[in-house]
Amino acid sequence: MIKRNKNYTNLAKGYLFPEIAKRRKAFQAQHPEAKIISLGIGNTTEPLAPHIVEEMKNFVEALGTKEGYEGYQDDSAGMPKLRERISKAIYNGEIKPSEIFVSDGAKCDLGRLQAMFGADVNVAVQDPSYPVYVDGTVMAGAGGKEPVTENGFKDITYMPCLPENGFFPDLSVVKKDSLIYICSPNNPTGAVATKENLFELVNFAKANGCVVLFDAAYSAFIRDENLPKSIYEIEGAKDCAIEMQSFSKPAGFTGVRLGWCVVPENLKFDDGSKIADAWARITNTAFNGASNIAQAGGFAALDETGLKEMQETISYYLENAALIRSALESENFKVMGVEVYSGGNAPYVWAKFPGKKSWDVFDQILSQCNVVVTPGAGFGPSGESFIRFSSFGHRENIQEACERLKLFKM
Ligand SMILES: *Cc1c(COP(=O)(O)O)cnc(C)c1O
């Protein structure tokens, strides 16, 4: 019989969100009358901005004409005009269009990226973190031979990110020549790394032969002007960092699918070859470029009107986050000793329920409030006792969920 890829055998059973969906379904079956509201999975809910819709429509109509039809793109790294616009609008021209690789989303890039580094690379992740960093590592064979335990995978270095360290990791636990995954603004904690944090990170990476994989999928949510939106705001980052970006959360492209990653030309492997060349080779082989319709939408999202409309939607989600935060600061949570973390620069509110298990809090909130949240333990061992509240939702649902949460007891 055919053999299973051993690297896949160790993937932890049941990805976090299917387990949440299962519990939600079981609860709904027992309580058909319950009106469940989800503050769980980070999925956008508000419509695409009119300008983006208009430009995508125009592009689709052109595809239906002889003159406007386009097939495969010349370069699977994306439409030249989109790469140029990203270079200008996001990086102020400091990153060259040739260093920008447009894709069908940041998660897709994350899943493909580790193929470049093989099974022997050391990997360090923030703990808690977005599950793909760990799963991508395990699929590439770099998670070790043993199955997951409650402390995670043996060959992955977990860097605890807790209130005690301001949610930014102690890098001294990272081995030499590691890939270091850093997400800022962070999913799930909502914390944003400061310039000082990233300066320390870049210097550590350069001194220790590491490559930083910087996930900036939420950078457009940063409202505090002192906080860095890109790792390339830090001098030296072009020598040690790859940045992942996405239109999903800021422009509502979760279903449209579009993102990019920056692989600077300075970045090299130990044999002197360019990482960007390897990346181009892989994407040309395993990916034929992002949908041209999605790219037309992304191009519109980054012009003056698009950027303005995008910020309006982001404000809407940030206001939701502020409502959730204030509900979690109400008296009933105070008596439970709940601590709330939300700096106003991310769509997530992270809360600690001291002495409680995340999944128990999840079950209680579901049964008492009929609200779905995400248990912090699902993001890594250090997420235990925490709950992530997502602000992606229609305002009326968020308000209703907040009213219910104010009556929660445990
Ligand atoms: C949602 C999310 C992404 C996913 O991006 P896509 O572009 O939709 O694939 C990437 N990173 C983080 C941290 C996310 O939360």
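## Ser385: burial and backbone

In this predicted model, Ser385 has a relative accessibility of 12%, and because buried means under 20% relative accessible area, Ser385 counts as buried. The phi angle of Ser385 is near 80°, a positive value in a residue other than glycine. Along the chain, Ser385 is placed in the loop between strand 12 (374-375) and strand 13 (386-390).

## Arg257: a second positive phi

Arg257 is not a glycine either, yet it has a positive phi of about 75°. The loop that holds Arg257 runs between helix 8 (248-251) and strand 8 (259-262). Is Arg257 buried, partly exposed or exposed? Its relative accessibility is 28%, and since the partly exposed class lies between the 20% and 50% limits, Arg257 counts as partly exposed.

These backbone angles deserve attention because most residues other than glycine have a negative phi.

## Cis peptide bonds before proline

Which peptide bond that ends at Pro128 is cis? The bond from Asp127 to Pro128 is cis, with omega near 5°, and Pro128 has its place in the loop between strand 3 (122-127) and helix 6 (131-139).

A cis peptide bond also leads from Asn187 to Pro188, where omega is near 15°. Pro188 itself lies in the loop that separates strand 5 (178-183) from helix 7 (195-207). As a general background to both bonds, most peptide bonds are trans.

Key
Residues numbered from 1 in each chain as written. Predicted model: local features only at pLDDT ≥ 70, side-chain atom pairs only at ≥ 80, totals over all residues. Heavy atoms only, no water. Helix = DSSP H or I, 4+ residues; strand = E, 2+ residues; numbered from the N terminus. Buried < 20%, exposed > 50% of the residue type's maximum accessible area, 1.4 Å probe, protein only.
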